[in-house]
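Open the model in your viewer and keep the sequence panel visible. The tour goes from a whole chain down to one of its helices.

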Amino acid sequence: MNDERQTVATSVGVSSLAAMLVVTALWLAGGFVSTARAQDAVSVHAEVTVILAREVAGVIDPRLEHLAALRQPPFNAFHSMDVYSVHEVTLSVGVPSTIDLPNGRVLQLILEEVSPDGRSHLRVSINRRSQSDYLPVLEVAAPPGDPFFVAGQNFQGGTLVIGVQINRDEPRAH
Amino acid sequence: MSTEGMDRRLHRYFDGDLPAEEREALEREIADDEVLGRKLVALGDVRTLVRSTAEQSISDADSAAMWAAIENGAELGTSPASAKPATASAPQASVANDAKSPRPALRLVGRPSDSTEDRGAPAPTAEIDPASRPSAPVAEDPLTRRRRRFGVGIGLLALAAAVVLAFVRPGDPAPRDGLATTDGTTPLDERDGIPDSMRTEVLAVDFGTNVGTIFAVEGTAGQRYAVVWLDDAVKIDEGGASPEQAPN
């Protein structure tokens with residue numbers, strides 16, 4: 001009789017554990033599926049600013065005056081900054097967006113996801129076409145409104161500074 | 001050897017407890033001594049008499065009433081031995097109870113070999129037929145209780161884990177350690193009171209064959225903007241004679 005009770009008790013425990021595992025697995029699967037579906041439909045707007053910075057004396061483009069970060073070290077070593085180009089792009093999850101840079105390389109942006117805290121997870125690369133010669137992979141979690149910079153490429157005696165900023169408008173679901 | 005000693009040997013022989021040498025010696029004595037032979041026959045008669053009497057008592061016993069007494073004793077937390085079994089006061093009622101109850105009838109069990117009954121006059125033992133053991137509750141031993149509690153505990157633990165998972169989204173970002181910089185600039189993850197959700201965070205970077213660093217520059221309102229700086233070793237600038245270095 002004790003063996004039967006022990007068997008029953010063990011069966012109850014194992015059955016409970018199995019049931020909970022099944023429920024948890026189904027919940028996780030449902031969560032991932034729903035999250036994936038929601039993320040698939042999300043897109044954000046981003047602004048990419050390509051700046052040519054030089055150490056020689058010159059002027060700072062007025063469009064950059066609001067970026068106090070570019071007056072902080074090490075950027076304060078550049079005494080002239082020209083906005084070479086500005087690109088407005090819409091980033092959708094998993095869809096690459098490319099921007100041709102003046103030095104022949106290509107900037108590629110891929111929105112991986114928009115995390116629950118509102119930051120956009122971006123995968124960035126800068127390379128010559130069909131090559132991997134400069135920045136193979138950069139993954140960034142960027143909050144809306146805060147730019148991040150990729151700098152260091154040589155161009156026309158200066159240095160390219162690329163600023164990427166996710167716009168503050170809410171991520172859009174399609 | 002005294003009569004008492006000889007009787008003790010005879011009992012041991014009857015029970016099958018004598019070593020082979022003593023058994024053979026005693027068998028020779030029994031063959032030569034008529035009294036010993038009669039005593040041995042008498043021991044067999046006593047065993048037969050006791051057995052038949054015990055069987056009669058068992059068959060008349062009210063097993064249903066005994067089970068009820070055992071169950072009552074178990075429910076009261078007393079040992080089954082302390083419960084007073086009913087006697088064969090109502091055999092007919094007992095038969096009726098046995099007919100409608102799953103509780104098994106008592107039966108007499110003996111040692112594997114009937115020729116070596118215990119001490120010549122063994123006390124019959126009431127045993128439950130394993131094939132018909134009832135499912136009525138009895139007092140649990142501590143080991144079984146612990147095992148049952150362990151099983152229930154596993155179930156509760158799994159339930160608690162499921163509840164915790166229900167409140168933790170699988171896509172929630174995990175906290176990350178700070179990134180070290182190779183120069184004197186401010187590390188990105190230096191804690192300055194700004195929550196992670198308000199700062200740019202470099203999750204991963206592959207500089208390839210170039211030399212690079214990650215740091216942060218401060219905005220007017222104390223924001224920290226991430227900067228990834230790579231020295232460009234490739235000459236693709238028409239005017240550049242050599243790769244330029246990051247400004248100091």
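Two residues are counted as in contact when their C-beta atoms, placed from the backbone, lie within 7 Å. Packing between helices, at a later stop, is judged on that basis. Note also that this is a predicted model.

Select chain B. This chain holds 6 helices and 5 strands, and their order along the sequence is α-α-α-α-α-β-β-α-β-β-β. Chain B has 248 residues, of which 16% count as buried. Among its contacts with a separation of 6 or more, 52% join residues 24 or more positions apart.

Next, select residues 3-15 of chain B, which form helix α1. The helix has 13 residues and reaches 18 Å from its first C-alpha to its last, close to the 18 Å expected at 1.5 Å a residue.

Within α1(B), show the side chains of Leu10(B), Tyr13(B) and Phe14(B), which are buried. Look down the axis of α1(B): the buried residues fall within an arc of 100°, so they line one face of the helix. An α-helix has 3.6 residues a turn, so residues three or four places apart point the same way.

What do the buried residues of α1(B) pack against? Add residues 20-32 and 34-60 of chain B to the selection: these are α2 and α3, and the buried residues of α1(B) pack against both.

Now turn to the other side of α1(B), where Glu4(B), Gly5(B) and Arg8(B) are exposed.

Finally, select Gly16(B), just after α1(B). Gly16(B) takes a positive phi of about 80°.

How values were computed. Residues numbered from 1 in each chain as written. Chains lettered and ligands numbered in written order. Predicted model: local features only at pLDDT ≥ 70, side-chain atom pairs only at ≥ 80, totals over all residues. Helix = DSSP H or I, 4+ residues; strand = E, 2+ residues; numbered from the N terminus. Buried ≥ 20, exposed ≤ 12 C-beta atoms within 10 Å, placed from the backbone. Expected span 1.5 Å × (residues − 1). Arc of directions from axis to C-beta.
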